[in-house]
Amino acid sequence: MKKFLLLILMYFMLIPSVGALEMETAAKSAILIDQNTGTILYKKNENERLPMASMTKIMSLLLIMEKINDGSLSYDDEVQISEESSSMGGSQIFLQTGDQYKVRELLKSVAMASANDAVVALAEKTYGSKEAFIEAMNKKAKNLGLTNTNFVNVHGLDEDNHYSSASDMAFMARELLKYEDILTFTSVYEEYLQKPDGSQIWLVNTNKLVRFYEGVDGLKTGYTQGAGYCLTATGKRNNLRLISVVMGEESIEMRSQDTVKLLNYGFNTYKVNLIKSKEEVLGKISVKKGKKEYAEVVLVNDAIELLNVNDKISNYQFELSLDKVVAPVKKGEIIGKVKIFDSNKKLINEVEITVKENIEKANIWDLFIRNLRLVMAFK
């Protein structure tokens with residue numbers, strides 16, 4: 001641990017002026033992106049297909065978080081441990097067949113301790129079987145346009161034809177970070193898990209940077225003999241959130257050093273300007289057949305411009321594009337987008353728009369009262 005901490009502190013002292021072209025990493029493949037805009041800030045063999053070990057679980061976590069977000073799965077739902085999930089090898093929390101855990105407990109075990117048995121149990125809970133879950137993983141990768149990714153399992157143990165790339169991992173992580181709840185699990189360094197027999201298991205985050213690097217709050221490590229040491233990390237400082245990926249490193253130390261090097265470069269070279277907050281109401285739109293006739297609209301994510309630390313802030317122009325909104329419509333459902341241009345009319349960001357709150361579909365009585373009010377208003 002002392003050796004690890006010493007290495008991290010050494011890299012905290014890297015010269016801020018180091019440029020992307022001058023920077024070297026020992027990883028077989030690496031990438032650094034801005035989470036908000038998706039801008040690539042550094043890359044090295046970023047499209048090379050490589051084993052990704054337990055970084056596989058980024059996609060597994062994404063599918064689970066989608067189910068929680070759409071309401072078909074709850075953090076408090078009970079999961080019964082199957083014989084298959086309890087017999088998993090590799091990193092695990094030693095689940096016993098027939099025991100029951102809440103989704104929250106298993107999710108925490110996957111996010112922190114990279115538990116293979118827990119991720120299989122969650123896969124079975126969310127999609128009925130491990131095979132159906134793997135099919136959903138590959139379908140999601142295709143929908144996201146990840147052309148250098150293929151999943152054969154849900155955990156990342158070495159198998160033929162199970163691969164991804166640094167670029168695909170970064171943009172997979174970017175998708176997962178839309179569900180900010182995941183950071184409440186990945187940012188915790190250590191915690192105890194209560195088991196049904198009364199015993200406890202000590203969960204320690206495999207990503208030590210959440211403890212030793214300011215701003216890092218995720219995301220997922222990986223190691224197998226075939227993949228080497230891998231890490232998809234994310235950190236945030238002054239509204240700038242970065243995602244870095246290193247693959248095929250020779251040691252834990254090199255994995256950490258290169259990740260710190262990438263993050264130091266990003267935080268020292270770039271800044272962001274918050275143009276519009278996702279909390280800011282943009283206006284109101286008509287909702288057809290809604291219990292409420294109008295809905296307030298907001299951005300899905302903050303509208304941010306990525307700048308070099310020496311750049312000046314621009315004047316912005318906005319181009320709004322909205323779909324017709326028909327109830328029911330849920331908060332988070334995409335109803336349009338806003339394009340943001342700088343003073344030179346260059347597109348600098350494009351942000352999706354949603355409603356501020358859920359709008360339910362009007363029933364016959366709602367429509368009758370509404371029409372009656374219209375009639376009375378014209379008398």
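Which side chain meets Glu296 in a salt bridge? In this predicted model, the partner is Lys356, with 3.9 Å from N to O. The two sit in distant parts of the chain, 60 residues apart: Glu296 belongs to strand 12, while Lys356 is in the loop between strand 17 and helix 11 (364-377). Both ends are partly exposed, Glu296 with a relative accessible area of 33% and Lys356 at 39%.

**Salt bridges**

The count comes to twelve salt bridges. Here are three of them, including the pair above.

| Positive residue | Negative residue | N to O distance |
|---|---|---|
| Lys356 | Glu296 | 3.9 Å |
| Lys337 | Glu350 | 3.0 Å |
| Lys178 | Glu175 | 3.2 Å |

Lys337 is in strand 16 (residues 336-341) and Glu350 in strand 17, so their bridge ties together parts that are 13 residues apart in sequence. Lys337 is partly exposed at 34% relative accessibility, and Glu350 is partly exposed at 37%. The Lys178 pair has another pattern: Lys178 is partly exposed at 43%, but Glu175 is buried, with a relative accessible area of 14%.

Then there's Arg255, in helix 10 (residues 252-269). Arg255 is buried yet has no salt bridge, and the nearest side chain of opposite charge, Glu249, is 8.0 Å away. With a salt bridge needing N and O within 4 Å, that pair doesn't qualify. Setting aside neighbours within four places in sequence, Arg255 has contacts that include Thr206, Thr221, Tyr229, Cys230 and Glu249.

**The six-stranded sheet**

Strands 12, 16 and 17 are part of an open sheet of six strands, with the order 14-16-17-12-11-15 and mixed pairing. At its edges stand strand 14 (317-322) and strand 15 (325-326), each with a single partner strand, so one side of each has no neighbour in the sheet. Strand 11 (residues 283-288) and strand 12 (residues 294-299) run antiparallel and are joined by four bridges, with Ser286 opposite Tyr294.

Val351 lies in strand 17 (residues 347-355) and counts as buried, at 5% relative accessibility. Beyond four places in sequence, the residues it touches include Leu299, Val300, Asp302, Lys337 and Ile340. The C-alpha atoms of Val351 and Ile304 are 9.1 Å apart, with their positions 47 residues apart along the chain.

**Strand 1 and its partners**

How many of the six residues of strand 1 (residues 29-34) are buried? Six of the six, so the strand is largely enclosed by the rest of the structure. Both faces are covered, with Ser29, Ile31 and Ile33 on one side and Ala30, Leu32 and Asp34 on the other.

Strand 1 runs antiparallel to strand 9 (residues 240-249), joined by six bridges, and Asp34 stands opposite Leu242 there. Strand 1 also pairs with strand 2 (residues 40-44), again in the antiparallel sense, over four bridges; Leu32 has Tyr42 as its bridge partner. Five residues lie between the strands of this hairpin, and Gly38 takes a positive phi near 80°.

**Nonpolar cores**

The largest nonpolar core has 64 residues, and Leu106 and Leu107 touch the most other members. Its largest share, eight residues, comes from helix 2 (residues 57-70). Away from its sequence neighbours within four places, Leu106 is in contact with residues including Val79, Ile81, Leu95, Tyr101 and Leu122. There's also a second, separate core of 25 residues, with Met23, Leu41, Leu240 and Val260 among them.

Methods:
Residues numbered from 1 in each chain as written. Predicted model: local features only at pLDDT ≥ 70, side-chain atom pairs only at ≥ 80, totals over all residues. Heavy atoms only, no water. Buried < 20%, exposed > 50% of the residue type's maximum accessible area, 1.4 Å probe, protein only. Lys, Arg positive; Asp, Glu negative; His and termini not counted. Contact = heavy atoms within 4.5 Å. Core = buried A, V, L, I, M, F, W, Y, C linked by side-chain atoms within 4.5 Å. Pairing = 2+ DSSP bridges.
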